[in-house]
Amino acid sequence: MKVNSRRAPRTLTGPEVADARALALELVGMREAARIDAMVQGLVLEPDEVGRRVSALWLRIRVGGQWSPASWSQVLISDHRLLVRLSGGELVSLWWGSLVGFEVNLGEHFVILDFGDGRPRALSGPGVSLVAVAGVARLYGVGALTTHPALEPLRAG
């Protein structure tokens, strides 16, 4: 995953991007919040956890300096974590509160989550803008939805 910071942010389009914008409006209280029934997905959330969206994304893990092959995953995006169902059916929780690094590149459709364990995780695909919005709101506060530079392509539309 190569990052090219010299390009101007381009406007993103598509249903996932429209949904990411809707999620941002929900998180700041300007729109009624959609809630995901985790039980329908066969998942269990914490008592105070709110499921916001479900998206299909590619997951890669960097091990030994190399990115693993991409694995298609179903991701429940909540206010506490990303709950990832791997292609083999296993569930993995990626907790927002455990992150030490968060890199967003919407132009290239990826987010990198660094937990400080030497194995960053990359999520990619059209629905990654949902992860970016949820992550920015959780990690930097909902006010950052209007100021975080990585979300500029969403604001440009």
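Here's a walk through this protein, from its overall layout down to one odd residue in a loop.

First, keep in mind that you're looking at a predicted model. The protein is built from three helices and eight strands. If you trace the chain from start to end, the order is α-β-β-β-β-β-β-β-β-α-α. In other words, one helix comes before the eight strands and two helices come after them.

Now zoom out to the whole shape. The C-alpha atoms fit in a box of roughly 40 × 35 × 25 Å along the principal axes. Does that go with a compact or a stretched-out chain? A compact globule of 157 residues would have a radius of gyration near 15 Å, and the protein has 15 Å, so the two agree. The contacts tell you about the fold too: take those with a separation of 6 or more, and 50% of them join residues 24 or more positions apart.

What about inside and outside? Of the 157 residues, 41% are buried. The accessible surface adds up to about 8300 Å², and carbon and sulfur atoms own 53% of that. The protein also carries 17 positive and 15 negative charges, and the mean positions of the two sets lie 7 Å apart.

Let's head into the interior. In soluble globular proteins, nonpolar side chains tend to be buried together. Here, the largest nonpolar core has 34 residues, and Leu82 and Leu113 touch the most other members. Several parts of the chain chip in with at least two residues each: the helices α1 (15–27) and α2 (128–140), plus the strands β1 (51–63), β3 (71–78), β4 (81–85), β6 (101–105) and β7 (110–114). The top contributor is α2, which gives eight residues.

Leu82 is a good one to click on. Leaving out residues up to four places away in sequence, Leu82 touches Val75, Leu76, Ile77, Val92, Ser93, Leu94, Trp96, Leu113, Leu123 and Val131. Notice that Leu113, the other residue with the most core partners, is on that list. There's also a second, separate core of five residues, and Leu43, Leu45, Leu76 and Leu83 are among them.

Last stop: His109. You'll find this residue in the loop between β6 and β7. His109 has a positive phi of about 60°, even though it isn't a glycine. Is His109 buried, exposed or in between? Its relative accessible area is 32%, so His109 counts as partly exposed.

Conventions. Residues are numbered from 1 along each chain as its sequence is written. This is a predicted model: local features need pLDDT of at least 70, side-chain atom pairs count only at pLDDT 80 or more; totals for chains, interfaces and linings use all residues. Side-chain values use heavy atoms; hydrogens and water are left out. Helices (H or I, at least four residues) and strands (E, at least two) are DSSP runs, numbered from the N terminus. The radius of gyration is taken over C-alpha atoms; the globule rule is 2.2 Å times the number of residues to the power 0.38. Buried means under 20% relative accessible area, exposed over 50%, partly exposed in between (1.4 Å probe, protein chains only). Contact means heavy atoms within 4.5 Å. Accessible areas come from the Shrake-Rupley method with a 1.4 Å probe; for residues, only the protein chains shown count as cover. Lys and Arg count as positive and Asp and Glu as negative; His and the chain ends are not counted. The place of a charge is taken as NZ of Lys, CZ of Arg, CG of Asp or CD of Glu. A nonpolar core is a set of buried Ala, Val, Leu, Ile, Met, Phe, Trp, Tyr and Cys residues joined through side-chain atoms within 4.5 Å.
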